[in-house]
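Thank you for making the time this morning. I would like to walk you through one model, going from a single contact out to the whole chain, and I will try to keep to what can be read from the coordinates.

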Amino acid sequence: MNDASSHTRTDQSKKSGAHSKTNTTQSLRDSAGKAIETTGESLRDIAGRAANGIEANPISALVGGIALGAVAGAFVPRTDQEAKLLAPVGQRLSDTARGAVDAAKDTAKSELGVLGLSRDSARSQMSRVLEGVIKAVSTAGLAALTAANDKASSAQTAPNKAGDQTSASPTAPKTTPTGD
């Protein structure tokens, strides 16, 4: 009987071990499913925020994409085949960009010329502005000096008037006390 009971216990032990493995496997599947679901929600949220950001600032998104492409392109080595194929394209792009810059300069110069703004006229206008500023500062300084001199001279004549009771002041009439 001992052999039969130990054999039964072994069978029960195997069954409980198998059941335990099934529970563990199911638990792992559930955890993986939840992780995938959470990751999917996070990715949808990030994609939504990115789309909103692009809609709000399309120029920033374009500049960021170009910068990212330039950085990625800088780290990828260039092959001889690429150099042969892309050299004419790069030269054409460079020539086009140079032409656009030259055209913009010429247009800006002609527009400023129409407005009467040239290097010489700008220099002349700055000279006139500087002369005006110098004249204003000089006039303000002279006015301040005159005001200070007037104040100093009136301060010097005031004690003489107070000390001299007999002389009449042309600006201040003498008053006599009345007995009211």
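**A walk along the helices**

Let me begin with Thr 96, whose side chain reaches the backbone oxygen of Arg 92 at a distance of 2.8 Å. Please keep in mind, here and throughout, that what you are looking at is a predicted model. Thr 96 belongs to helix H3, and because its relative accessible area is 52%, above the 50% cut-off, it counts as exposed.

Staying with this helix, H3 covers residues 80-114, which is 35 residues in total, and the distance from its first C-alpha to its last is 50 Å, close to the 51 Å that would be expected at 1.5 Å a residue. That agreement should be read together with a kink of about 45° in H3, which is located at Leu 86, shortly before the proline Pro 88. Beyond the end of H3 comes Gly 116, and its phi is positive, near 85°.

Leu 86 brings us to the surface, since it takes part in a nonpolar patch together with Leu 85, Val 89 and Leu 93, and the four of them have about 390 Å² of accessible area together. Leu 93, which is found in H3, is itself exposed, with a relative accessible area of 58%.

Which residue forms a salt bridge with Asp 95? The partner is Arg 98, and the closest N and O atoms of the pair are 3.2 Å apart. Both residues lie in H3, 3 residues apart, or about one turn of the helix. As general background, an α-helix has 3.6 residues a turn, so residues three or four places apart point the same way. It is also true in general that side chains of opposite charge can pair when their charged atoms come close. As for their surroundings, Arg 98 is partly exposed at 47% relative accessibility, and Asp 95 is likewise in the partly exposed class, at 39%.

By the rule applied here, the count of salt bridges comes to 2, and we can now turn to the pair in helix H1, which spans residues 2-56. There, Arg 49 forms a salt bridge with Asp 45, with 3.0 Å between the closest N and O atoms. These two residues of H1 are 4 residues apart, again about one turn of the helix. Arg 49 counts as exposed at 54% relative accessibility, whereas Asp 45, with 42%, is partly exposed.

Also in H1 is Ala 50, which is partly exposed at 39% relative accessibility. From the C-alpha atom of Ala 50 to that of Ala 61, 11 residues away along the chain, the separation is 9.4 Å.

Let me finish with the protein as a whole. How many helices and how many strands does it have? There are 4 helices and 0 strands, so that, reading from the N terminus, the elements run α-α-α-α. Of the 180 residues in the protein, buried ones make up 1%, where buried means under 20% relative accessible area. The protein exposes about 15,800 Å², and carbon and sulfur atoms supply 62% of that area.

If you take away one region to look at on the screen, I would suggest H3, where you will find the kink at Leu 86, the nonpolar patch residue Leu 93, the salt bridge partners Arg 98 and Asp 95, and Thr 96, with which we began.

Definitions and conventions. Residues numbered from 1 in each chain as written. Predicted model: local features only at pLDDT ≥ 70, side-chain atom pairs only at ≥ 80, totals over all residues. Heavy atoms only, no water. Patch = residues over 30% accessible without salt bridge, like charges linked within 9 Å, V, L, I, M, F, W, Y side chains within 5 Å. Areas by Shrake-Rupley, 256 points an atom, 1.4 Å probe, with all protein chains shown as cover. Salt bridge = Lys/Arg side-chain N within 4 Å of Asp/Glu carboxyl O. Buried < 20%, exposed > 50% of the residue type's maximum accessible area, 1.4 Å probe, protein only. Expected span 1.5 Å × (residues − 1). Bend = angle between axes of the 7 residues up to and from the residue. Polar contact = N/O pair within 3.5 Å; in protein donor to acceptor, adjacent residues only side chain to side chain.
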